[in-house]
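Colleague: Could you walk me through the packing in this model?

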Amino acid sequence: MNVHHPHALRRRALGAYVATAALMGILLVGFFRIQVLLGEENRLRASSNRVRTLMVPAPRGTIYDRNGLILADNVPGYQVTILPASVDSARATLERMAGFMDLSNVRIERVLQTLRAYGREVVVDSDAEFESIAALEERRLDFPGIYVEMRPRRRYTLDESAGHVTGYVGEITLGELDSESFPDSLYEAGMIVGKIGIERQYESVLQGRPGIRHVEFDARGRIVGDFRGAEARAPVPGRDLHLNLDLELQRWIHRIFPDTLSGAVVALDPADGGVLALYSAPGYDANLFVGGIDDDIWQALNVDERKPLYDRAVLGLYAPASTWKLAAAGIALDLGVVTPDEVMPEPCTGSMFFGNRFWRCWDPAGHGYNNLAEAIGNSCDVYFYQLGLRIGLENLLTRAPDVGLRRQCGVDLPQERRGEFPDRLGWYRERWPELYRYGPTEGEALNLAIGQGPNSQTPLKMAQFYVALARDGSAPAPTIARGGETGEGWELQLQPDHIASLQEGLKMVTAPGGTAHFGTALEHWDVIGKTGTGQNPLSVRGLAEDHAWFAGMAGPPGEAPEIVVVALVEYGRSGGQVAAPIVAKTADFYLRRKYDIPVDTIQTFREHIMTGPIPRWYRERFPAGYRALVQEAQEARDAAPNQVGNRPGGGG
């Protein structure tokens, strides 16, 4: 017996039909919306799930020295990139990777931070070791979101000798991406950019245009291969950069600089201000930063008491000491307060009384009456005390910009420190209100005239000043890259006879009997320059030696100088014995190669007499010095006939 009424069955069937029709309608509307209305969007979304666009980095431009030798280029390297994923999934992948490659917790957090901020692929290691790459490739299924490819890797041919000037590269940071220096249209996360030095200064030249590559993935996130449905874009390499720098000269300076001391050496071409060498000791190897520097190495560089990351050539400020006496002399000649042949009223007897105290000369025996050239040659402090009084403190302060003080040299580097020098009389009261309640006295001019007091300059600044002395009084801005954009130079209005007088004083320093003769006398070239002994906070308290300076120039005998070199050796004590030989050996190396003369490691006269008899070239070039040596040796033999003379080869 059927318990359901026929009408009830029909009503239920009709309800089922309606429900089915409604469901089908909903499905049809949904299908229409997905397939027709949102078809294009969904196609793109589906495509993005299996096809991703990756950046292909462009090789950076090669950096060449003045002779076409390579300072920085590119070699093949391996880069590991993690593709977009959830933070938890990415963290798990990175932690697994840490078992096969050097991946610290700090680096993992940085990768995750970038991934969260930009939601795109992030470079995990831009310079991975081959062993790590091989381990990852063997376990490809365990790392579905990892992309490994061969990419250009930066290589520097000079190690510690040029790290400061070339600089180094590294992955762009979040802060750099937000700065105006790295526009969004050209830069994106994961790119390698210049961080400091030439690499940073000429980033826009060396950085090429990245390419684009479309990669297809399977459902598990593994790379299947290149996607050919979209056009790839090949990277455009960066432009090459040619420098005025001399690679071999830079390497030579590193070889001869005392390895236990710190300091700087700057070599400039007086013809155009081109930077031939820019050396700071101690240095660092820029290759350590390629692909990200190891945390332990970075920490060691930062805690090292010798500060290897500090570029002393362009950032170090030191009292220029007697090397600055030429600046005071130039200002005095320009003002007309002294003539080259004029002597000061008070002779040097070892000191001079002014105000309520004695102002001492470095030589207690004194130098007597000196003209300007003799005062430079003797480095007579008493002469320059009087010269400072003639110039006057206010004139010294207002004329300082004429010799480039209180402003940067304008070298084409991203960082350079300007010198410190008072700019007005009120400066003293503002700096030391308790000492200069009533303002400075004229006695301050005495300190400034000899390169002491509130006067600190960089080695590069002093080299630029001596370029002016090697020329006609004008000093172009130092230039590292050929055709590079630099600041403006300056010019001191000096007559040719004034320049000749200043150079004559420099000649006396390196002539026989001069304080720097033994360390600067060379076989083929004339070297002239000025020694300096710069006080520092430690040496004033007797806790360390003074800084050693020598600023000079060299060229063929009787001709214009062809290289200007300044050496600063921290706590080196003697400019004549420590800094001067560095300048002479640097100039000799450069000029020998320029004139195709074989380079010798025994260069200066001092080195010759320490290793053998007096060389024939010295007898011919410096007959007065040779006669003095023979006489000294004879006197030594007469005083102690059974003892050897106090100079090796002195009787030669």
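Here are a few questions and answers on one helix and on the nonpolar cores.

Modeller: This is a predicted model, where local features need pLDDT of at least 70, side-chain atom pairs count only at pLDDT 80 or more, and totals for chains, interfaces and linings use all residues. Residues are numbered from 1 along each chain as its sequence is written, and side-chain values use heavy atoms, with hydrogens and water left out.

Colleague: Happy with that! Which helix gives the most residues to the largest nonpolar core?

Modeller: A nonpolar core is a set of buried Ala, Val, Leu, Ile, Met, Phe, Trp, Tyr and Cys residues joined through side-chain atoms within 4.5 Å; buried means under 20% relative accessible area, exposed over 50%, with a 1.4 Å probe and protein chains only. The largest core has 98 residues, and Leu-241 and Leu-502 are among those that touch the most other members. With 9 residues, the top contributor is helix H18 (residues 459-470), helices being DSSP runs of H or I with at least four residues, numbered from the N terminus.

Colleague: Why do the buried residues of H4 lie on the same side?

Modeller: In H4, the buried residues are Ile-108, Val-111, Leu-112, Thr-114 and Leu-115. They share a side because the arc they cover around the axis, taken from the directions from the helix axis to the C-beta atoms, is only 160°.

Colleague: And which residues are exposed on the other side of H4?

Modeller: H4 spans residues 105-118, and Gly-119 follows with a positive phi, near 60°. The exposed residues on that other side are Asn-105 and Ala-117.

Key. Helices (H or I, at least four residues) and strands (E, at least two) are DSSP runs, numbered from the N terminus. The expected span of a helix is 1.5 Å times one less than its number of residues.
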